[in-house]
Amino acid sequence: MELTGYLAVARRWWWTLLVAMWVAAVAGFLVASRITPTYEAQVQLLVGPINTDRDTLTASGLLVQTYAQLAISPPLLKSTAQEAGGLDPVKLGQNVRATANGVTRVLAIRVQDSDPVLASSVANKMADELIQLTTGATTRPEGQLEVIGAAVPPTSPIAPQVSLIVLLAMAAGLIGGLVLVIVVEYATDTVRDRIDLARLSGTDVIATISVDPRIPAVSPLPVAEATAPGSPSAVALRLLASKVAFAEGDLPTRTIMVGGVSDGDTAIVALGIAAAVAGSGHRAVVIDGSPDGDITASLEMSGRRGLREVLGHDSLDPRDLLVAGPAGVMVLPRGEVGGAELIAVDRAQDILDGLLRVVDLVVIDGGTMQRSAGALTWARAAQESILLVRRGASRREDLRLAMESLRFVNAAVGGTVLVQRLPGRGFRRRDRIARWAAAPIAPSVARRLDDVSSEATAPFTWRVGSPMATPVLDRPGPSEQDSPDSPVLAGEPSGYVVPAAVSPTVIRTTTRTRSSAKSSDPAAPASDTKRRSAAPADRTVDADRPIRRSARTDRTD
């Protein structure tokens, strides 16, 4: 691992290291506070006269070392213990130290004990015992002993040193935290954050999106959240759509393949990108190319003809099988008959070219790259490909293999997206999302939605007030298919122009972004009329509009 890798790890785990140091410091302080304090008393003695001839001073300096050994000798310790009131000589010898300086001729006797008064008393008694022992053995001046500093009861303990113990505990906590981080980093092979993702993929991380962790095919809530203008992830999806759409200059990108390293993410993000584009007044189509068919299952489009039938019959036009989805997005379902795994690049290109004649953007849900062979074909045919990586769940090895596969087919990788779980867990978070999805609609907005539904311009409605705001798709009747203003749905061809039937007008507020359908009520306020006149009404797409393709370098074997 390079230096940047270590810095990224430290930045990612700084809170763990900080907590480890804090816990170790608190533990060290508590342990040090429970240790019995130890006091040290010291008595100083001078060997020989203060001022005399050189030979006497030299002899006194040599005797200092002898007296230091006598101070801690067993006979002296035994006599001192008896004088001090029956102490244990062995324990006393463990708490006594004698140091000698041959230059200054000063002998220091130090006694340690938990009682400061007892420590000073024992030190003074040891000095008296040593003077009596040396005075009886010699009468020469160089061997005389004199107390120059009597021991006094100390006021502060020498142990434990609380500050030193706390610092050592913090150092130990830091080392332990580093060891834990290294073990976790090398034991768990998952992508941790944006820095880790950028380093492993070798591409730019163009967005970080928080989504519901549930798989769209199991619960419709993630799809409802991704396509609703006021959802928590709406802003991030709009920014992602803007970055991907204009990733290569002035001309917008019109075909995008969304692949993933984890299950369920591609369906949410693909629908979110298409909904963001459709919310700005453009036409967008989502192709359910995932082998799991999450979009098809979430929008209750199972049983409809779709991509598999188009791939199985060259004469079948994909524009005939488009179904109106949420937020003004058209959907090409997965289909029921046929296979969608092995797709020829030319056939995928023809499908995209046909759809681009009537829409502005085509988003392909490629599914999980490890289990979708067709995702590589769509990546080769599309102008841009983005790869979704789930934070803390996607394995680094899977990310590396996915990037190698995209580069192998010469796909134009526009960047990676870091997907993470929504903040908060448990019943309360799900309850908040359910309340948001089932929020009551204002009477004026409900009346406009009823007007739109009465004109049969969009066979997609919402069950207002339902706990999960589950989308309901209604099959169009014969009258709806024969109407020249209705979208192209499953059935016989009825023209390839898809009108922007429910092109929402985005209303920006200080708290969130809302969307309301256009009203044909002549009694609407003047401000609404002005807003509707400024928006493009029933805009058509030029069939001769050039389709931009990303420049690729052909591989040579």
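**Entry 1: helix H11**

How far apart are the end C-alpha atoms of helix H11 (residues 265-279), and what span should its 15 residues have? I began here, keeping in mind that this is a predicted model. At 1.5 Å a residue, H11 should span 21 Å, and I found its end C-alpha atoms 21 Å apart, so the two values agree. I then looked at how covered this helix is: 15 of its 15 residues are buried. Just after H11 I came to Gly 281, which has a positive phi, near 100°.

**Entry 2: the whole chain**

I stepped back for an overview. The chain holds 20 helices and 16 strands. Of its 557 residues, 45% are buried. I also looked up the contacts with a separation of 6 or more, and 78% of them are between residues 24 or more positions apart.

**Entry 3: helix H7**

I repeated the span check on helix H7 (residues 162-187). Its 26 residues should span 38 Å at 1.5 Å a residue, and the end C-alpha atoms are 37 Å apart, which agrees. Which residues of H7 are buried? I noted Val 166, Ala 169, Gly 173, Gly 177, Val 181 and Glu 185 as buried. It helps to recall that an α-helix has 3.6 residues a turn, so residues three or four places apart point the same way.

**Entry 4: strand E1 and its partners**

Strand E1 (residues 39-47) runs antiparallel to strand E3 (residues 106-113), and eight bridges join them. For a landmark in this pair I picked Gln 42, which stands opposite Arg 110 in E3. E1 also runs antiparallel to strand E4 (residues 145-149), this time with four bridges. Here my landmark is Gln 44, opposite Gly 149 in E4.

**Entry 5: the eight-strand sheet**

Next I traced an open sheet of eight strands with mixed pairing, in the order E5-E12-E11-E6-E10-E7-E9-E8. Which strands stand at its edges? They are E5 and strand E8 (323-324); each has a single partner strand, so one side of each is left without a neighbour in the sheet. At the E8 end, two bridges join E8 to strand E9 (residues 330-332), and the two run antiparallel. Val 323 stands opposite Val 331 in E9.

At the other edge I stopped at Ser 210, in strand E5 (residues 205-211). Is Ser 210 buried or exposed? Its relative accessibility is 19%, and the cut-off for buried is under 20%, so Ser 210 counts as buried. I also looked up its separation from Arg 391: the two are 181 residues apart along the chain, while their C-alpha atoms are separated by 10.0 Å.

**Entry 6: helix H16, on the sheet and against H8**

H16 lies across strand E6 (255-260), strand E11 (384-390) and strand E12 (413-421), and runs at about 175° to E11. Helix H8 (residues 194-201) packs with helix H16 (residues 396-408) at about 45°, their axes 10 Å apart. The two helices are therefore oblique to each other, and the crossing is right-handed. On the H8 side, Asp 196, Leu 197, Leu 200 and Ser 201 make the contact; on the H16 side, Arg 396, Leu 399, Met 403 and Arg 407 do.

**Entry 7: helices H14 and H15**

My last helix pair was H14 (residues 345-355) and H15 (residues 374-381), packed at about 60° with axes 9 Å apart. H14 and H15 are therefore oblique to each other, and their crossing is right-handed. Val 345, Ala 348, Gln 349, Ile 351 and Leu 352 of H14 meet Thr 377, Trp 378, Arg 380 and Ala 381 of H15 in this contact.

Key:
Residues numbered from 1 in each chain as written. Predicted model: local features only at pLDDT ≥ 70, side-chain atom pairs only at ≥ 80, totals over all residues. Heavy atoms only, no water. Expected span 1.5 Å × (residues − 1). Buried < 20%, exposed > 50% of the residue type's maximum accessible area, 1.4 Å probe, protein only. Pairing = 2+ DSSP bridges. Axes fitted to C-alpha atoms, helices over the stretch in contact; angles between N-to-C directions. Parallel < 35°, antiparallel > 145°, perpendicular 65-115°, else oblique. Left-handed = near helix turned anticlockwise from the far one by under 90°. Contact = heavy atoms within 4.5 Å.
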